[in-house]
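Student: I'm new to this one, could you walk me through it?
Tutor: Gladly; have a look first, and then ask away.

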Amino acid sequence: MVTKTLSTFFISAFLFSTLATNSVSAIEDKKVFISIDSDALSFTQKKFGKRVEEVESRDGISVIKIDEDALPWLSMLMHKNFKRCGGFMLHDNANEAESLLNTHSEQLFAQKNSFIDYKIDQDAIVTPMIAQTEAANILATITQLSTFQNRYYKGDYGKKSAAFIKDTWAKLVKNRSDATVEYFQHSSWDQPSIILTIKGKSAETIILGGHQDSINGYMGGQTARAPGSDDNASGISTITEVVRVLMDNSYQPQKTLKFMAYAAEEVGLLGSKEIAKDFKKKNANVVGVMQLDMTNFKGNDSLDIVLMKDYTNEEQNKFVGAIIDHYVPGIKWGYDECGYGCSDHASWHTQGYPASMPFEATMDTMNHKIHTANDTLSVSNNNASHALKFAKMALAYVVELDHR
Ligand code: BES
Ligand code: ZN
């Protein structure tokens, strides 16, 4: 049965292409660039012969030049033979196809490469500091950040909330000559990103970041109420507590530590994209990135910390899991995936840097109040006990990685 259906299909495909070629023989066929998974390349070449030309194959992806009118057939064949919907991506030109290959190989590197010889042996420094982390501090910062009407990337509120974060971080490092707190200005919108740097002995850099902006996804714009208590006042406040404890202990890093509050994440990871590109352009030696985006809502399953598998580095994720087991015992962690570049870790990943994204819940049990006027602390029972686990984990991550 299957054979018959297929052969009927191929006969009609043959008839169609013969007819099509005959009737438009005077007109040059328009060629387009597409990318397909390389396992479908020889199949495609067999089926379309001279109508397809391989441009370049790399890391399991092939860019091919193909007659535009072959696309509907290709789509059907892909569906039948590879159970792929569509099965290819269409590109406007050769450059765009080429840049997909580059991005893809950069991402594979960022996912698979082991950047550091991961180990855990800094108990003497880490354990006492972990004991000093306090939920009350995280709660206070979330409360303050939620007081702004919104922290939207455009408009006055988002600029004022950025200034608040800069001031808060500047106070934490006021006695340190090795530390700076700076704005990273963006050209297309007003809200700056904020970067706190503690200079180490080496230029190797560790980044702990999260986005500062909030959005009301339904009403949008510069005026709608968007407290963003979980998304992502929680992440910024968790980072703030990590810095506080490090500074209270006069921690002197080996590597350079950078703490970042990204602008304009909610509208396409815009702030972190510019920063990650800038770091790449300057050849910055970033050895680890951790993203904290939503840390204070415990989903209703058994996991406390969920490591996102996509757009992250596999070896660093294992290291973060081991850090949790070692330093935050009793905390259950596991894996899930966003399914797309859901936060700023994806910006670093795309530039080839090792990133992790420890998240507050599984996707199935996530906080559905985000991006509304109801993303408030009351959803987290007006406490920061869940975010505290992330502060302990992030503190241990920074100090252990700093000693590799
Ligand atoms: N914090 C969210 C991402 C998120 C939501 C992760 C739920 C996991 C579960 C983030 O702030 C966000 O909303 N991101 C955008 C990304 C987009 C603009 C590229 C999103 O998910 O729509
Ligand atoms: Zn977020």
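What follows is a short chat about a metal site and a helix contact.

Tutor: This is a predicted model, in which local features need pLDDT of at least 70 and side-chain atom pairs count only at pLDDT 80 or more, while totals for chains, interfaces and linings use all residues. Residues are numbered from 1 along each chain as its sequence is written, ligands are numbered from 1 in the order in which they are written, and side-chain values use heavy atoms, with hydrogens and water left out.

Student: Which residues coordinate the zinc ion (ligand 2)?
Tutor: His211 through NE2, Asp231 through OD and Asp293 through two OD entries coordinate the zinc ion (ligand 2), at 1.9 to 2.5 Å; donors here are N, O and S atoms within 2.8 Å of the metal (3.2 Å for Na, K and Ca), and since water is not among the atoms, sites may look incomplete.

Student: Where do Asp231 and Asp293 lie?
Tutor: Asp231 lies in helix α8 and Asp293 in the loop between β9 (286-291) and β10 (305-308), so the pair ties together parts 62 residues apart in sequence; helices (H or I, at least four residues) and strands (E, at least two) are DSSP runs, numbered from the N terminus.

Student: New topic: what in α8 meets α12?
Tutor: Thr238, Val242, Val245 and Leu246 of α8 meet α12 residues including Phe390 and Leu395, where contact means heavy atoms within 4.5 Å.

Student: And which residues of α10 meet α12?
Tutor: Gln316, Phe319, Val320, Ile323, Ile324 and Tyr327 in α10 do, and their α12 partners include Met393 and Glu400.

Student: How do the donors of the zinc ion (ligand 2) follow along the chain?
Tutor: Their spacing is H-x19-D-x61-D.
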